[in-house]
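Grab a pencil and open the viewer. Let's work through a few exercises together, one small step at a time.

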Amino acid sequence: MHTDKFADSNNFYSGHIVTDCKRKIYYCNDYIADLSCIAKNAIVNTSISQHISKASNIFLDSYVYPILITEFTVEEIQMTWIDKHGKKIPIVANIKLGPDSMTYWSIYVCINRDKLQNELLNTNEYLEKLSNDLTVLATTDSLTGLLNRRELKRQAEKAIYQASINQSSFALLFIDIDLFKKINDSFGHQMGDKVIITLAQRLKDMLRENDILARIGGEEFVLILTNIDPISSYKLAERLREKVSDSPINGISVTVSIGLAVCEDENLKDFDKLLQRADKALYEAKKSGRNRVFIAN
Ligand SMILES: Nc1nc2c(ncn2[C@@H]2O[C@H](COP(=O)(O)OP(=O)(O)OP(=O)(O)O)[C@@H](O)[C@H]2O)c(=O)[nH]1
């Protein structure tokens, strides 16, 4: 075999190597010499194993050569080239076993490809985070971190649908802080906010995982309890009310009124109607003196 026939290979901007059946380099072009920082004639007659990492050698033994023997070609093999100074360079190789039992390697450096891939991965991660942030923004109330009204409706309708399938009952509690304007007026808007945030956390702490809690207005909260009978939902509403009135927030005594609408009848399983019923019950609770639970008709 004459190396002359590879002379034009120096014009290619990719590495070309020919190895014999003992993996000894028989020919390499200028690209490989530049990549290795070694003169071409110093590369010839060395083993290709000397120029690639340990892991790449294991990969060659266990995967590449067995495939070459049966399939004659292996494509887009990622390996690590090691230059004269020990610098590791990621490369991609297409390898072919010729009818002359010589192995023909086409190699190119893929630092830029990796860079691009990393950039794409980073962009992807960034977009995912952005999308998560947007979802949080669109579904939660920024003051308390509870669900907002729109998300409440979406989740409530899902829960209602599930309750229809399971033929289970559920309850909606409309919770409103009593005389909140007074709190704002006496202690300032900032302290008012603090009361809202603390109350939201306290309600959250008393709930089960599947319960749905939202802040739908200034000092208005809605709680949906799934899979619960009327007596248990009333007891829970009372417990919530008591807990709030028994635990002042920053020394401020706070109470809530609660309108409770329980839903057992199939025809009543409509979120907006349920909310209206609970709202009317809340109105009655306020009218009859506040700090109480009123059950809707
Ligand atoms: N600090 C604070 N106040 C708010 C917020 N949203 C609404 N408010 C105030 O909440 C008060 C609600 O007052 P009202 O609707 O008159 O009700 P209330 O004083 O709670 O009286 P009742 O509901 O009848 O017991 C108003 O003064 C609003 O300005 C908020 O996000 N932060």
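Below are three exercises on this predicted model, each with a worked solution.

**Exercise 1.** Find out which residues come nearest to the ligand, and which elements supply its shell.

*Solution.* Start with the residues: 16 of them sit around the ligand, and Leu179, Phe180, Asn184, Asp193 and Arg215 come nearest. Next, look at the elements. At least two shell residues each come from strand E6 (170-177), helix H6 (180-187) and helix H7 (189-205). H7 gives the largest share, with 4 residues. Finally, sort the shell by class: you get 8 charged, 4 polar and 4 nonpolar residues.

**Exercise 2.** Track down polar contacts of the ligand, using a cut-off of 3.5 Å between N or O atoms.

*Solution.* Try the backbone of Phe180: one of its N or O atoms is 2.7 Å from a ligand oxygen. Now go to side chains. Asn184 has an N or O atom there that lies 2.8 Å from a ligand nitrogen. In Glu219, a side-chain N or O atom is 3.3 Å from an oxygen of the ligand. As a last step, check the cover: on its own the ligand has 670 Å² of accessible area, and the protein covers 66% of that.

**Exercise 3.** Describe the largest nonpolar core.

*Solution.* Count first: this core has 30 residues, and Leu173, Ile175, Ile177, Phe221 and Leu223 have the most contacts inside it. Its largest share, 5 residues, comes from H7. Then zoom in on Ile175, which touches Leu203, Phe221, Leu240 and Ile258, among others. Don't stop there: a separate second core has 24 residues, including Ile32 and Met79.

Conventions: Residues numbered from 1 in each chain as written. Predicted model: local features only at pLDDT ≥ 70, side-chain atom pairs only at ≥ 80, totals over all residues. Heavy atoms only, no water. Near = heavy atom within 4 Å. Polar contact = N/O pair within 3.5 Å; in protein donor to acceptor, adjacent residues only side chain to side chain. Areas by Shrake-Rupley, 256 points an atom, 1.4 Å probe, with all protein chains shown as cover. Nonpolar A, V, L, I, M, F, W, Y, C, P; charged D, E, K, R; others polar. Core = buried A, V, L, I, M, F, W, Y, C linked by side-chain atoms within 4.5 Å. Buried < 20%, exposed > 50% of the residue type's maximum accessible area, 1.4 Å probe, protein only. Contact = heavy atoms within 4.5 Å. Lists of a residue's contacts leave out its neighbours within four places in sequence.
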